[in-house]
Amino acid sequence: MVYYRDHAFSIRDLRPDDVRPIVEGETAQGWQPHMEKYEMRLRHQKEGKSVSLVAAYDGAVMGYINVYPDSKWGAFANQGYPEIVDFGVLEKYRRNGVGSKLMDIAEEIASGYARMVYLGVGMHSGYGSAQRMYIKRGYIPDGTGVWYGEKICEPYADCRNDDDLVLYLFKFLR
């Protein structure tokens, strides 16, 4: 399904042939992607657990995002709220509105399930642009503090500032 199209790019459902270009693009910019993660997103989409999207132009994948309508993990797990998961725009396509439009479509999809959406954002500097973007879009911290893995990181507990250290944010959609 195509959710958006203009002269610059389109946003459509994730397809099996998108996995390799995403992994290659992330590898080229120094990330450590895993094909299994994107294959899992395809399975979840097929099973109706998620809506997985890509932004593409002329066959090139520019970015991706996933909406889990009733997320089973995170700050609002099993409460019937959608979560935006695994959002990224490849660096060479940033600053062209791709990320904003992916978020617009993801929030529109989420609004069909609940009046609130949430997401987790990493705490290290690699997530700096995402942190700023979410705040500008009206997301606020949920109040539980930072999480490490699947649980709240208790005050004064040791933790590691890696991709598993996240702050959950939410936004009312309507």
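**Sheet and core in a predicted model**

Q: Starting at the N-terminal end, how do β1 and β2 pair?
A: In this predicted model, β1 and β2 pair in the antiparallel sense over three bridges, and they form a hairpin with four residues between them. One of the bridge pairs joins Arg5 to Ser10, the latter in β2.

Q: And what does β2 do with β3?
A: Strand β2, residues 10-13, pairs with strand β3, residues 51-57, again in the antiparallel sense, with four bridges; Ile11 has Ala55 of β3 as its bridge partner.

Q: OK, how many strands are in the sheet, and in what order?
A: There are nine strands in an open sheet with mixed pairing, and the order is β1-β2-β3-β4-β5-β6-β9-β7-β8.

Q: Which strands stand at the edges?
A: Those are β1 (2-5) and β8 (151-152); each has a single partner strand, so one side of each is left without a neighbour in the sheet.

Q: Switching to helices, what does α3 lie across?
A: Helix α3, residues 98-111, lies across β1, β2, β3, β4, β5, β6 and β9, and its direction makes an angle of about 165 degrees with β5.

Q: Which residues have the most contacts inside the largest nonpolar core?
A: They are Ile84, Met103 and Tyr134, in a core of 30 residues. Helix α3 gives the largest share of this core, seven residues.

Q: What is Ile84 in contact with, leaving aside its neighbours within four places in sequence?
A: Its contacts include Ile65, Val67, Met103, Ala106, Val117, Leu119 and Tyr139, as well as Asn66 and Glu107. Apart from that core lies another, of nine residues, among them Leu14, Val19, Val54 and Tyr64.

Notes
Residues numbered from 1 in each chain as written. Predicted model: local features only at pLDDT ≥ 70, side-chain atom pairs only at ≥ 80, totals over all residues. Heavy atoms only, no water. Pairing = 2+ DSSP bridges. Helix = DSSP H or I, 4+ residues; strand = E, 2+ residues; numbered from the N terminus. Contact = heavy atoms within 4.5 Å. Axes fitted to C-alpha atoms, helices over the stretch in contact; angles between N-to-C directions. Core = buried A, V, L, I, M, F, W, Y, C linked by side-chain atoms within 4.5 Å. Buried < 20%, exposed > 50% of the residue type's maximum accessible area, 1.4 Å probe, protein only.
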